[in-house]
Amino acid sequence: MASSVVVSLLILSAAGLLPLLAYSKGGFSMELIHRDSPKSPFYDPTSTAHSRLKAAAQRSRARATYFRQAMQKSTLSESPASAPAADDNFYSDITPNTFEYLMSIYLGSPAEKILAIADTGSDLIWIQCKPCDECYHQSAPLFDPQASSTYKVVSCEAESCSALPQGSCGSESQCEYNYAYGDGSFVDGFLSTETISFDSIGGRRVQFPKSFFGCTHRSNGTFDENDGGLVGLGGGQLSLIRQLGSAIDNKFSYCLPSADQTSATSRLNFGSNADFRGGSNGAVTTPLIPGYPDTFYFLSLEQISVSGQAGAVNVKPAASTNAKKAKDFGGNIIIDSGTTLTLIDDEALQSVTSKVVNSVKLPRVTDPEGVFSLCFDVSGEGGNNAKFPDITFHFSGGAAVVLHKSNAFIESATNVLCLALISSDGIGINIFGNIAQQNFHIEYDLGAMQLTLAPADCANL
């Protein structure tokens, strides 16, 4: 990931973003919208907490499979029209219908508001553009680049074009991207520059001219009509974070409320707003590990312990969960806001399960949804008074992240409480999901290559 910092700074200088330090002086924050929030176009008032959990579990597995594919092979399909079958292995920046959060951006001059997927597992910012005759149906109006005075297509000879993992030269020397996904979904368009703006919480509009984005003119697959595009928040060169670079001091953070507070406002913070406020009581810091591909944020998870139980459980090293290029780095788990559940290797999961069983004095039951391997009957007085242990994830650098009941256990059905961990075996990558991250202020410092987590009441910041 370190090498991409140098390249992306060159790209940013060419785009003219670095002089915009004044625009974001003091930092800025914006709203993250959970897909199940009443503010979301995906909101279903007839859904229940249990049905939403089941759907989120299915998305978690699908997303983990996407990560595995991306790690196994960085080569994209050459022709989106003949996208590979779902079990083929290739790299893509598209994660259709596996997201959890949305964000609003403004594009162009005059600015058009677009509600897009916010994705820490992707890099390229892409939006559907006119003309788009062969595209998935989108309920919101398509972005019209011809109506914007600041739109410009990038030449295929430009240095920024080489940052695409899969690109080609169009008939008029435009930098063309072709991104495909294992389920047959794809997007095809031109790398372009445009003014991207955000409504900062507090009412200030923050603008970043000459930002790179993908203007998609051809698409298909398992996209939803409510998808307006995607904003990549990953670590690769073309992500929003890398593009803003020193304008935000290479920092961003978020704070996600509890799963039962989907209507509460989550915040995505940039620059100095990403720093901790009100002290850093309980904050821990762990290195961000350079990984493959550099889109993902890798950590090194060493052990997991269960309070009241002797001995910590060792977690398999990187060679067991990411064999390709494992010798080059020590990361064995991805932290991802777009994956709901936490996945760990089966051997570690079984050991943690055994320790939790020894700690919780309640009858075991089978998860009626078939998602979790360890569940308890919490009906009656015994369930109301039962104590559940804290589960601590020990990351490298001495960072012990303590997961209390709300982060480590989840209600799968009425009076059924389950350990919110699932096995990564058969998928091949561990993921630290967003249930575990809820009510932590999590700061990504890409300059120092470190991640800091501090307990917080995210619904009331």
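Helices and strands are here DSSP runs, with helices of at least four residues and strands of at least two, numbered from the N terminus. With those labels in hand, a walk through this predicted model can begin at N439, which is found in the loop between α8 (434-437) and β27 (440-445). N439 has a positive phi of about 60° although it is not a glycine. D249, likewise not a glycine, has a positive phi of about 55°. The loop that holds D249 runs between α3 (240-244) and β11 (251-255), and D249 is partly exposed, at 47% relative accessibility. Such backbone features are worth a look, because most residues other than glycine have a negative phi, and most peptide bonds are trans.

Two cis peptide bonds can be described as well. One joins S109 and P110, with omega about 0°, and P110 sits in the loop between β2 (101-107) and β3 (112-119). Another joins K130 and P131, with omega about -15°; here the proline, P131, belongs to the loop between β4 (126-128) and β5 (152-153).

Attention turns next to the annotated positions. An unreviewed UniProt entry lists D119 and D336 under "active site". The two span 218 residues in sequence, yet their C-alpha atoms are no more than 8.4 Å apart, so they gather at one spot. D119 lies in strand β3 and is buried, with 1% relative accessibility. A polar atom of the D119 side chain lies 2.8 Å from the backbone nitrogen of G121.

D336, for its part, is placed in the loop between β17 (333-335) and β18 (342-344). D336 also counts as buried, because its relative accessible area of 1% falls under the 20% limit. The side chains of D336 and T120 are joined by a polar contact of 2.8 Å. Beyond its neighbours within four places in sequence, D336 is in contact with several residues, among them R63, F67, D119, G121, F432 and N434.

F432 also appears around L453, a residue of strand β28 (residues 450-455). L453 is buried, with a relative accessible area of 2%. Not counting residues up to four places away in sequence, L453 touches F276, G282, A283, V284, V401, F432, F440, H441 and I442. Of these contacts, A283 is 170 residues from L453 in sequence, while their C-alpha atoms are 5.4 Å apart in space.

Charged pairs complete the picture. Side chains of opposite charge can pair when their charged atoms come close, and the structure holds 7 salt bridges. One of them brings together the side chains of K54 and E369, at 3.4 Å from N to O. This pair links distant parts of the chain, 315 residues apart: K54 is in helix α2 (residues 49-72), and E369 is in the loop between β19 (364-365) and β20 (375-377). Both partners are partly exposed, K54 at 36% relative accessibility and E369 at 30%.

A salt bridge also forms between D188 and R218, whose closest N and O atoms are 4.0 Å apart. D188 lies in strand β8 (residues 186-199) and R218 in strand β9 (residues 205-220), so the pair ties together parts that are 30 residues apart in sequence. D188 is buried at 10% relative accessible area, whereas R218 is partly exposed at 22%.

D199 and R205 form a further salt bridge, with 2.6 Å between the closest N and O atoms. D199 is partly exposed, at 34% relative accessible area, as is R205, at 38%. Through salt bridges that share partners, E134, D188 and R218 join into one network.

Definitions and conventions:
Residues are numbered from 1 along each chain as its sequence is written. This is a predicted model: local features need pLDDT of at least 70, side-chain atom pairs count only at pLDDT 80 or more; totals for chains, interfaces and linings use all residues. Side-chain values use heavy atoms; hydrogens and water are left out. Buried means under 20% relative accessible area, exposed over 50%, partly exposed in between (1.4 Å probe, protein chains only). UniProt positions are given in the numbering used here, feature names are shortened, and annotations may be inferred rather than shown by experiment. A polar contact is a pair of N or O atoms within 3.5 Å; within protein, one must be able to donate a hydrogen and the other to accept it, and residues adjacent in sequence count only if both atoms are side-chain atoms. Contact means heavy atoms within 4.5 Å.
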